[in-house]
Amino acid sequence: MGLLRIIIGAFIFSVLTNLYSYKRFIKKVSFFTPYLAKIRIFFYIICVLEFIFVLQIRFSFLTIELYLVAGTLIGFSLFLFAISLFYDILRSTFSKSKFNPTRRKFIKFCFDVTFVIFVVACFLKGLFNALTPPKIRQVDIKIKNLQNDLKIAMITDVHIGEFLQKEFMAKLVSDINLAKPDIVVIVGDLVDVSAQFIGDFLDPLRDLKSTYGTYYVPGNHEYYHGVDGILEKISSLGIRVLGNKNEKVGGINLAGVYDLAGFRFKNLEPNLDDALVGRDETLPTILLSHQPKFIKTMQKDVDLVLCGHTHAGQIFPFGILVLLDQGFLHGLYKINDKMQAYVSSGAGFWGPPVRIFAPSEIAILNLSKE
């Protein structure tokens, strides 16, 4: 019944958003008028593909090529809906301006051309952002009582699986190694397939080089595909899983919690108290937690929380919805006088292979004493 509700809800959302984009944007652009019949067919195709894509998430039956096409069109549909809202507001506002008919027609034409160019340019750039390896992002963070400077390489939300696979993982590993980190942390949503389908996609992780090793906590997507098997696979690669525990490493307490999805699946639930048992109170504590909204549940402070999950919104302006849900979007946050949090935009993508105004990253956290 849960799956049926999701499918029906996704179908209704798809129809409404695409209908709005067609009625309130496409039909209002004068130079689209001769092509409206063909454009309607295009929107029908998008609706069907969005329905199929929802089924794909559950049953995984599309080829890589169809997955990419369907995901791309869904990304376009979502972005177009957001732009259509903006276009509708501006058009309604400017329609109240007093111009003579000739001048009004010219201004409307320029307005429409500008919007169409903006949509196409932003979407193409969004595709490029998603399908190219993430850039290195240097972040300087001051930590109280830190004994010595520490460089942490952080990746989240790689989503290895249907599309991003071994070659993408190998590129991430190569770029991380060039940064020569002291510690590497992987903060959830590393994979988007079950353990039996991972194959050799994660094997490049064996080549990660750092002073103190690589540490990992799962995200919500690992739970969707069988978290126990995935954790076993990741551990076999020499990566330390910090599930509700901590280790003293490099002059800090490095702790981690399981994801909030554990409550839904009633398996491997996050527990901060367990994660902090036995930590050295004289040393700073850094906590790995996939979803930043876990911070809202914390009854104890740590020095720094490292999170992912948000993708920085992935497709503008849906970061607003992410912000409402998680309370954080991307970047460094000061939580209180003691605690800070860094939320990564993630290294890969999920669903539509598009990142609009939300570039991916490998975060290099340069920690120094305050």
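This report walks through a helix pair, some aromatic contacts and a few backbone oddities in a predicted model.

## Helix 3 against helix 4

Let's start with the helix packing. Two packed helices are described by the angle between their axes and the distance between the axes. Here, helix 3 covers residues 64–94 and helix 4 covers residues 101–131, and their axes come within 11 Å. The crossing angle is roughly 155°. Since angles over 145 degrees count as roughly antiparallel, helix 3 and helix 4 are therefore roughly antiparallel to each other. As for handedness, the crossing of the two is right-handed.

Who does the touching? On the helix 3 side, the contact is made by Thr72, Gly75, Phe76, Phe79, Leu80, Ile83, Phe86, Tyr87, Leu90, Arg91 and Phe94. Helix 4 answers with Arg104, Lys108, Phe111, Asp112, Phe115, Phe118, Val119, Cys122, Phe123 and Leu127. Sorted by class, the contact has 15 nonpolar, two polar and four charged residues.

## Aromatic pairs

There are 18 aromatic pairs in the structure. One of them is Phe42 with Phe76: the ring centres are 6.1 Å apart and the planes sit at 70°, so the pair is edge-to-face. This pair links distant parts of the chain, with Phe42 in helix 2 (residues 36–59) and Phe76 in helix 3, 34 residues apart. The partners also fall into separate burial classes: Phe42 is partly exposed at a relative accessible area of 32%, whereas Phe76 counts as buried at 19%. Buried means under 20%, so Phe76 makes the cut with its 19%.

Tyr87 and Phe115 form another edge-to-face pair, with 5.2 Å from centre to centre and 80° between the planes. Tyr87 belongs to helix 3 and Phe115 to helix 4, and 28 residues separate them along the chain. You may recall both names from the helix contact, where Tyr87 and Phe115 are among the residues involved. Tyr87 is buried at 0% relative accessibility, and Phe115 is buried too, at 8%.

Beyond pairs, there is a cluster to look at. Tyr22, Phe42, Phe43, Phe76 and Phe123 form one aromatic cluster. Of these, Phe76 and Phe123 are also listed in the contact of helix 3 with helix 4.

## Backbone oddities

Now for the backbone. Most residues other than glycine have a negative phi, and most peptide bonds are trans. Asp157 goes the other way, with a positive phi of about 50° although it is not a glycine. Asp157 is in the loop between strand 2 (150–155) and helix 5 (166–178), and its relative accessibility of 0% makes it buried.

His311 does something similar: its phi is positive, about 55°, and again this is not a glycine. His311 sits in the loop between strand 9 and helix 11 and is buried, with a relative accessible area of 7%. That loop also holds Pro317, between strand 9 (304–307) and helix 11 (319–326). The peptide bond from Phe316 to Pro317 is cis, with omega near 5°.

## Around Cys307

Which residues does Cys307 touch, leaving out those up to four places away in sequence? The list runs to Met154, Thr156, Val187, Ser289, His290, Gln291, Pro292, Ile295, Tyr342, Val343 and Ser344. Cys307 itself is in strand 9 and counts as buried, at 0% relative accessibility. From Cys307 to Ala341 the C-alpha distance is 7.5 Å, with the two positions 34 residues apart in sequence.

## Two loop residues

Leu268 lies in the loop between helix 9 (261–265) and helix 10. Neighbours within four places in sequence aside, Leu268 is in contact with Tyr223, Val227, Asp228, Leu231, Tyr258, Asp259 and Gly262. For a longer reach across the model, take Leu268 and Thr93: 175 residues apart along the chain, their C-alpha atoms are separated by 52 Å.

Is Gly278 buried or exposed? Gly278 is exposed, with a relative accessible area of 75%. Its place is the loop between helix 10 (272–276) and strand 8 (285–288). Measuring up against Ser60, 218 residues away along the chain, the C-alpha atoms of Gly278 and Ser60 are separated by 43 Å.

How values were computed
Residues numbered from 1 in each chain as written. Predicted model: local features only at pLDDT ≥ 70, side-chain atom pairs only at ≥ 80, totals over all residues. Heavy atoms only, no water. Axes fitted to C-alpha atoms, helices over the stretch in contact; angles between N-to-C directions. Helix = DSSP H or I, 4+ residues; strand = E, 2+ residues; numbered from the N terminus. Parallel < 35°, antiparallel > 145°, perpendicular 65-115°, else oblique. Left-handed = near helix turned anticlockwise from the far one by under 90°. Contact = heavy atoms within 4.5 Å. Nonpolar A, V, L, I, M, F, W, Y, C, P; charged D, E, K, R; others polar. Phe/Tyr/Trp six-rings, centres within 6.5 Å; stacked < 30°, edge-to-face > 60°. Buried < 20%, exposed > 50% of the residue type's maximum accessible area, 1.4 Å probe, protein only.
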